[in-house]
Amino acid sequence: MALIRFGVSIDKELLQKFDALIKNKKYTNRSEAFRDLIRQELIREQWQGGRKIAGAITLIYNHHKRELVNKLMDIQHDFGEIIISSQHIHLDHDNCLELIAVKGSPSQAQKLSDSLRSVKGVKHGTLSMSATGEGI
Ligand code: NI
């Protein structure tokens, strides 16, 4: 891959803010931070544009609520095509952490995440919108 250098004109204040931001995020130089910002936008575009994506859903819930566990299982079976892996971790006596890796259609991933997170009794849920690695 060819590496190209180019100049960027930016006002001083904005650059100072950028430098403070990337220092906080432990970047060692502007170039890597800038590349990551571009990739982040490309990934956002992949999600919005219906391109093939990858991501992860996390759920925190109390497994003593049997109906809730069954509901979560039913939903996952309905979305079997985009789920590539899932892991169940017993956090403590009551709470479970479920990690669901997805790959495929962004709208399906979003729909799966929304369906799971909105089930009554799910304490917290996240959708990490990432990429398959192609096109970024
Ligand atoms: Ni558990």
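Reader: Which side chain meets that of Glu 32 in a salt bridge of 2.8 Å, N to O?

Author: In this predicted model, a salt bridge requires a side-chain nitrogen of Lys or Arg within 4 Å of a carboxyl oxygen of Asp or Glu. The pair in question meets that condition with an N to O distance of 2.8 Å. The partner of Glu 32 is Arg 35.

Reader: How many residues apart in helix 2 are Arg 35 and Glu 32?

Author: Both residues belong to helix 2, and about one helical turn separates them. Arg 35 is partly exposed, with a relative accessible area of 34%, and Glu 32 is partly exposed at 29%. Along the helix, Arg 35 and Glu 32 are 3 residues apart.

Reader: Which residues do salt bridges with shared partners join into one network?

Author: Glu 32 meets Arg 35 in one salt bridge. Glu 32 also forms a salt bridge with Arg 39, the closest N and O atoms being 3.8 Å apart, and Arg 39 counts as partly exposed at 29% relative accessibility. Through shared partners, the network consists of Glu 32, Arg 35, Asp 36 and Arg 39.

Reader: Which residue of helix 1 forms a salt bridge with Arg 30?

Author: The closest N and O atoms of this pair are 2.7 Å apart. The bridge links distant parts of the chain, since Arg 30 lies in helix 2 (residues 30-48) and its partner in helix 1 (residues 12-24), 11 residues apart. Arg 30 is partly exposed at 43% relative accessible area, and the partner is partly exposed at 26%. That partner is Asp 19.

Reader: How many salt bridges does the structure hold?

Author: General chemistry offers the background: side chains of opposite charge can pair when their charged atoms come close. Among the pairs of this kind are Arg 30 with Asp 19 and Arg 39 with Glu 32. The total number of salt bridges is 5.

Reader: Are the rings of Phe 6 and Phe 34 stacked, edge-to-face or tilted?

Author: The structure holds 1 aromatic pair, and the ring centres of Phe 6 and Phe 34 are 6.1 Å apart. Planes under 30 degrees apart count as stacked and those over 60 as edge-to-face. The planes of Phe 6 and Phe 34 stand at 50°, so the pair is tilted.

Reader: Where in the chain does Phe 6 lie, given that Phe 34 is in helix 2?

Author: The aromatic pair links distant parts of the chain, its two residues being 28 residues apart. Phe 6 counts as exposed at 57% relative accessibility, whereas Phe 34 is partly exposed at 33%. Phe 6 lies in the segment before helix 1.

Reader: Which protein atoms are the donors of the nickel ion?

Author: The donor residues follow the sequence spacing H-x1-H-x5-C. The donor atoms lie 2.1 to 2.4 Å from the ion. They are His 88 (NE2), His 90 (ND1) and Cys 96 (SG).

Reader: Is the nickel donor Cys 96 buried or exposed?

Author: Buried residues are those under 20% relative accessible area. His 88 has 35% relative accessibility and therefore counts as partly exposed. Cys 96 has 1%, so Cys 96 is buried.

Reader: Which strands stand at the edges of the sheet?

Author: The open sheet is formed by 4 strands in the order 2-3-1-4, with antiparallel pairing. Each edge strand has a single partner strand, so one side of each is left without a neighbour in the sheet. From one strand to the next, the twist averages 15°. The edge strands are strand 2 (83-90) and strand 4 (122-131).

Reader: Which residue of strand 4 is the bridge partner of Leu 59?

Author: Strand 1 (residues 53-62) pairs with strand 4 in the antiparallel sense over 9 bridges. In strand 4, the bridge partner of Leu 59 is Gly 125.

Reader: How far apart do the C-alpha centres of domain 1 and domain 2 lie?

Author: The domain assignment gives domain 1 as 12-48 and domain 2 as 53-131. Gly 49 lies in the loop between helix 2 and strand 1 and is exposed, with a relative accessible area of 52%. The distance between the C-alpha centres of domain 1 and domain 2 is 30 Å.

Conventions: Residues are numbered from 1 along each chain as its sequence is written. This is a predicted model: local features need pLDDT of at least 70, side-chain atom pairs count only at pLDDT 80 or more; totals for chains, interfaces and linings use all residues. Side-chain values use heavy atoms; hydrogens and water are left out. Buried means under 20% relative accessible area, exposed over 50%, partly exposed in between (1.4 Å probe, protein chains only). Donors are N, O and S atoms within 2.8 Å of the metal (3.2 Å for Na, K and Ca); water is not among the atoms, so sites may look incomplete. Rings of Phe, Tyr and Trp (its six-membered ring) pair if their centres lie within 6.5 Å; planes under 30 degrees apart count as stacked, over 60 as edge-to-face and the rest as tilted. Domain bounds come from an automatic or database domain assignment. Two strands pair if DSSP finds at least two bridges between them. Axes are lines fitted to C-alpha atoms, for helices over the stretch in contact, and angles run from 0 to 180 degrees between N-to-C directions.
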